[in-house]
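Work through these exercises with the model open beside you. Try each task before you read its solution.

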Amino acid sequence: MDKKLKNLIFVLNCGSSSIKFAILNPNNEKKYLSGVVECLFLSETYITWQFLGIKYKKKIGSNINHQEAVNFIIDQVLPQEKDIFKNLIGIGHRVVHGGTKIKKTTLIDNNIIQYIEDAVSFAPLHNPANLIGIKIMIEKYPSLAKKNVAVFDTSFYQDMPETSFLYAIPYNFYKEHGIRRYGAHGTSHNYVAHKTSIILNKKFSSLNIITCHLGNGASVSAICNGICVDTSMGLTPLEGLVMGTRSGDLDPSIIFFMNKQLNLNIDEIEMILNKKSGLLGLSGISSDFRYFEKNYNHKKHAKRSVDIFCHRLSKYISAYMSLMENRLDALIFTGGIGENVPLIRELTLSRLSLLGFKIDHKLNLYTIRGKSGLISKSTSRSVFVIATDEELAIAQETSNIISRK
Ligand code: ADP
C-alpha cells in the first residue's frame, strides 16, 4: 500500500441513469478507485470499477434504483481497502442545479439540502438523484458528515450577461419565479477551459474559446475573456443540442400540439422530451453513439440522426463565434462522444469551413480513448480534443472548500 496516502476525496456523481464514483488525491491527481454503475432501472444494472489498477465487473441486479446502487458501492466496493478509506478527508457530490439560491461550491448542511430540494423542478431527473447520494453518505459516514461538499453544474454560468440568460417572456417570470437560463455541465466546461489555457499558455482571464461537451447529455459554452457568456442548456438540461434521449431545442408549440391535438398530458410530454427523444427518438433504436458510428454508412435512420446532431451543433458554434470579441483561441471537443467519435468532429467541422475550420483527418482519427490534442490543420482555426475529468474537478473543488475551513 502507498505510504503517501493522504488527503483523499471520495467523489459521487449520481446521474439520471448512471452513477460515477472515484477516490482520488486532488493534488497529485492520482486515482485509487474509479467506477460507474450503468443501466439503472433497466433489466440488468451493472457496476464496473478499477481499484488500484485491477478491473472488476458485476451485475448488481434488475431494475436497481439509485439508493440500491449507492448502497452496493458502500457495502461491496469501498470496504475493499480500509487504508484508503481511513485517509478520506471529504466527499464531493456533483449537483446539477443550484437553483436561484446557490451560486458556488459549498459545504452541505440542512439549508443546502433544502435549497437543492427547492431546485428539483429545474432539474427533475438529476437533483433527486444527487440528493439520494448526499443523504446516504451523510448517514453512513457520520465522521465525515460535515465534510460533504456540493459542486454545482450551474456555478460556472453565474456571470453570464442577462442578454444570454433571460428568455423573452414576461420579466416577472424571472423576477418572481427564477425562470432563466442556468446552464449545466459547468464542471466539465470549466475543467477543459482551464486545461486549454495551460495548453495555449494563455491567462484564463484572456481566454476566448467555445467548448462542446458531448456525452449522453450535451451542451456548448461560449467563454470570452475567461467568463462563460452563453451556453446551450437552459432553465433545465433539456434545451440546446440533440442529446441521447433529450430533444434539445424545439418550438414550444409542439408541446401545445401534443397536449391539445394528441391528448398527451404534461407528464407524458415531459417524459417523451427527456427520455424518448434525441438520438433514441430519431432512430427508434438507440441512444448509444457506438451504434451510430457503426451504422452511419449503412442505415438511413443512423445517418439522419447523426446529421441532425451535427447540424444543430454547428449552428450553435457559428452563433457563439459572434460572442468572441474578434478572436477565437480554440474550439474544444470533450465528453464521451466529443472524445471518442472522429465522425462527429469531422461532420461538424465540415459545416464550418466558411468560418475557417479545417480538420486534419489523421490527427482526428488518432485522437480518441482519452487522448487529448490538436485535430485541426495548421491553416485552420485551432480545434482541440481535451479529455474531461469531472471527478477530478469535483475532488479539487471539494478539497479547496474543506481546506479553507
Ligand atoms: P454522460 O457522462 O453524459 O453519461 P458520457 O460523457 O460518458 O456521458 O458519454 C456517453 C456517450 O459517449 C454515449 O453515447 C457513448 O456511446 C459515447 N461513447 C463513449 N465511448 C465511446 C467510444 N469509444 N466510441 C463511441 N462512442 C462512445
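**Exercise 1. Salt bridges**

Task: State how many salt bridges the structure holds, and find where the partners Arg94 and Asp153 lie.

Solution.
- Step 1. Start with the rule: a salt bridge needs a side-chain nitrogen of Lys or Arg within 4 Å of a carboxyl oxygen of Asp or Glu.
- Step 2. The structure holds 11 salt bridges. It is a predicted model, in which local features need pLDDT of at least 70 and side-chain atom pairs count only at pLDDT 80 or more, while totals for chains, interfaces and linings use all residues. Residues are numbered from 1 along each chain as its sequence is written, and side-chain values use heavy atoms, with hydrogens and water left out.
- Step 3. Take Arg94 and Asp153. Their closest N and O atoms are 2.7 Å apart.
- Step 4. Place them. Arg94 lies in strand β6 (residues 88-95) and Asp153 in the loop between β8 (148-152) and α5 (162-165), so the pair ties together parts 59 residues apart in sequence. Helices (H or I, at least four residues) and strands (E, at least two) are DSSP runs, numbered from the N terminus.

**Exercise 2. Buried or exposed?**

Task: Classify the partners in three salt bridges by their accessibility.

Solution.
- Step 1. Fix the cut-offs. Buried means under 20% relative accessible area, exposed over 50%, and partly exposed in between (1.4 Å probe, protein chains only).
- Step 2. Arg94 has a relative accessible area of 11%, so Arg94 is buried. Asp153 has 0%, so Asp153 is buried.
- Step 3. Asp118 forms a salt bridge with Lys101, with the closest N and O atoms 3.6 Å apart. Asp118 sits in helix α3 (residues 110-118) and Lys101 in the loop between β6 and β7 (106-107), 17 residues apart. Asp118 is at 39%, so it counts as partly exposed. Lys101 is at 48%, so it counts as partly exposed.
- Step 4. Lys303 pairs with Asp307, and their closest N and O atoms are 2.7 Å apart. Both lie in helix α12 (residues 300-321), 4 residues apart, about one turn of the helix. Lys303 is partly exposed at 39%, whereas Asp307 is buried at 16%.
- Step 5. Add the network: salt bridges that share partners join Arg181, Asp230 and Glu239.

**Exercise 3. Strand β12 and the core**

Task: Describe the surroundings of β12, then find its place in the largest nonpolar core.

Solution.
- Step 1. Count. In strand β12 (residues 330-334), 5 of 5 residues are buried.
- Step 2. Recall a rule. In a regular strand the side chains alternate between the two faces of the sheet.
- Step 3. Sort the residues. Ala330, Ile332 and Thr334 are on one side of β12, Leu331 and Phe333 are on the other, and all are buried.
- Step 4. Find the partners. Two strands pair if DSSP finds at least two bridges between them. Strand β9 (residues 209-214) pairs with β12 in the parallel sense over 5 bridges, and Ile209 stands opposite Ala330. Strand β14 (residues 383-385) is also parallel to β12, over 3 bridges. There, Phe384 is the bridge partner of Ile332.
- Step 5. Turn to the core. A nonpolar core is a set of buried Ala, Val, Leu, Ile, Met, Phe, Trp, Tyr and Cys residues joined through side-chain atoms within 4.5 Å. The largest one has 45 residues, and Leu214 and Phe333 have the most contacts inside it. Elements giving two or more residues to this core include β9, β12 and β14. Helix α12 gives the most, with 9 residues.

**Exercise 4. The open sheet**

Task: Which strands stand at the edges of the sheet?

Solution.
- Step 1. Write the order. 8 strands form an open sheet, β5-β4-β3-β2-β1-β6-β8-β7, with mixed pairing.
- Step 2. Read the ends. β5 (54-61) and β7 each have a single partner strand, so one side of each is left without a neighbour in the sheet.
- Step 3. Check one pair inside. Strand β2 (residues 19-24) and strand β3 (residues 31-38) are antiparallel over 6 bridges. The bridge partner of Ile23 in β3 is Leu33.
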